Amino acid sequence: MSPRAGNAGPHTLAFVESPVQLLNVLEWAHAHAPGAGLTLVVLSPVDPMTRGQLRRMSELAREEGHTVRWEEARSGPTAPLQTIGGLTALLRRAHRVLLGDPFSRYVQLLLTITRARDVVVVDDGTATMEFVGQLARGERLVRWHRKGGRPGPRDLLLAPVSAAARRRLTPGGKRSVEVFSSMPMEDTPPGVTVTANTFAWTRARFGPPRITKGADLVGTSLVETGVVDADAYLEAVRSLAAKHGAARYFAHRRESTEKLHRLAVETGLQIIRPELPLELIARRGPIGSTILSFPSTVVHTLPLALSGTDVRVAVCDINPTWLTEHASPRAQGFLSGVTDTARDAHRLAAVPAV
């Protein structure tokens with residue numbers, strides 16, 4: 001372990017499945033235990049872009065003095081069993097567990113094994129808002145874009161695991177639960193400690209950025225998750241780019257190659273697939289003087305990461321007519337809530353839906 005790691009005290013084990021989760025583990029460590037190392041387990045997905053960003057983020061974590069353990073957790077039918085078996089000893093010894101996605105079946109299964117008395121949930125984007133609300137209301141854990149549908153066979157099979165994980169995520173006895181978040185929380189479950197993620201590590205590590213003229217547009221995976229119609233989304237992007245003089249489009253890591261190719265051809269935008277989470281890309285620069293985004297995590301995180309700069313973040317509402325017939329009944333309300341809370345918290349400019 002690097003000399004910078006210091007004395008970590010009670011053993012801390014973190015599980016991440018996305019670059020943003022890993023970034024927020026680094027932010028938690030910077031805020032709670034500067035100089036102290038932790039063990040960070042990457043449950044690697046199969047998506048190449050996500051894997052690439054996770055590799056780069058893992059390099060940054062090692063530079064900060066943390067131990068990174070890369071697990072090919074989805075490399076084949078037996079991979080989950082092998083991964084869990086290899087992690088059981090670590091889970092048993094851990095005093096504190098950090099996790100980024102309480103909705104993940106993988107993470108829920110790992111939670112049933114650990115004896116850790118301290119559990120910390122770091123941001124996995126706007127889903128954290130939904131998780132805290134569901135915990136406060138005593139509801140089962142269901143991702144917002146799936147809520148309203150009937151549970152499938154897999155959901156029913158894993159229901160006992162999900163219920164057990166939910167109990168582990170509820171404070172009680174000697175067990176503490178913390179949510180480390182940059183998101184606004186309307187309902188806080190009794191006994192849960194909410195601490196603010198201000199992106200202090202990001203600001204200290206990178207920037208300030210060089211700011212260019214014009215606008216940059218941030219992509220979203222709402223088409224890929226079946227919430228927004230592809231044709232409506234493309235027209236919205238085209239209109240926003242033309243109106244605001246945007247030249248670059250920062251793709252979400254889950255956006256399909258086919259959709260991005262169509263965007264490039266039909267809008268003329270330069271498509272950029274970032275090698276790091278957008279908060280770090282924007283902080284390093286160069287970045288446009290205006291950043292346009294649809295409702296997503298970045299309308300909460302970018303104002304914090306870019307605090308002290310002259311970059312303006314603007315958010316565009318999702319027009320209800322863009323939603324697909326398969327979209328969850330909760331979709332419009334949830335997305336509007338993301339927009340409204342970001343405007344209230346950061347005084348963001350509003351861009352009318354086209």
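**Helix crossings, cores and unusual backbone**

Me: Which residues does L40 touch, not counting residues up to four places away in sequence?

Reply: In this predicted model, L40 touches A14, V16, L22, V25, A61, T67, V68 and R69, with residues up to four places away in sequence left out of the list. L40 is also, together with L22, one of the residues with the most contacts inside the largest nonpolar core, which has 40 residues. The largest share of this core, 6 residues, is contributed by α1.

Me: What makes a set of residues a nonpolar core, and which residues does the second, separate one include?

Reply: The name asks for buried residues of the kinds Ala, Val, Leu, Ile, Met, Phe, Trp, Tyr and Cys, joined through side-chain atoms within 4.5 Å. The second core, separate from the first, has 34 residues, and F15, L43, L111 and A165 are among them. In soluble globular proteins, nonpolar side chains tend to be buried together. Across the chain, buried residues make up 54% of the 354 residues.

Me: Why is α1 called roughly parallel to α2?

Reply: The axes of α1 (residues 19-32) and α2 (residues 48-63) come within 9 Å and cross at roughly 15°. Angles under 35 degrees count as roughly parallel, and the crossing angle of roughly 15° therefore places α1 roughly parallel to α2. The crossing of these two helices is left-handed.

Me: Which residues of α1 and α2 make the contact, and how do they divide by class?

Reply: On the α1 side the contact is made by P19, L22, L23 and L26, and on the α2 side by T50, Q53, L54, M57, S58 and A61. By class, this contact has 7 nonpolar residues, 3 polar ones and no charged ones. Two of its members return elsewhere in the picture, since L22 and A61 are both touched by L40.

Me: Why are α9 and α10 described by another word, and what is their orientation to each other?

Reply: The axes of α9 (residues 230-244) and α10 (residues 257-267) come within 10 Å and cross at roughly 40°. Roughly parallel requires an angle under 35 degrees, and roughly perpendicular begins at 65; the angle of roughly 40° falls between these limits, and α9 and α10 are therefore oblique to each other. The crossing in which α9 passes α10 is right-handed.

Me: What makes up the contact of α9 with α10?

Reply: From α9 come D231, Y233, L234, V237 and R238, and from α10 come K259, R262, L263, E266 and T267. These residues divide into 4 nonpolar, 1 polar and 5 charged.

Me: Why does F199 count as buried, and what is notable about its phi?

Reply: Buried means under 20% relative accessible area, and F199, at 1% relative accessibility, therefore counts as buried. Phi of F199 is near 60°, which is a positive value in a residue other than glycine. F199 is placed in the loop between β7 (192-196) and α8.

Me: Where are the cis peptide bonds that involve P208 and P286?

Reply: One cis bond joins G207 and P208, with omega about 0°, and P208 lies in the loop between α8 (200-205) and β8 (211-218). The bond from G285 to P286 is also cis, with omega near -5°, and P286 sits in the loop between α11 (278-284) and β11 (287-293).

How values were computed: Residues numbered from 1 in each chain as written. Predicted model: local features only at pLDDT ≥ 70, side-chain atom pairs only at ≥ 80, totals over all residues. Heavy atoms only, no water. Axes fitted to C-alpha atoms, helices over the stretch in contact; angles between N-to-C directions. Helix = DSSP H or I, 4+ residues; strand = E, 2+ residues; numbered from the N terminus. Parallel < 35°, antiparallel > 145°, perpendicular 65-115°, else oblique. Left-handed = near helix turned anticlockwise from the far one by under 90°. Contact = heavy atoms within 4.5 Å. Nonpolar A, V, L, I, M, F, W, Y, C, P; charged D, E, K, R; others polar. Buried < 20%, exposed > 50% of the residue type's maximum accessible area, 1.4 Å probe, protein only.
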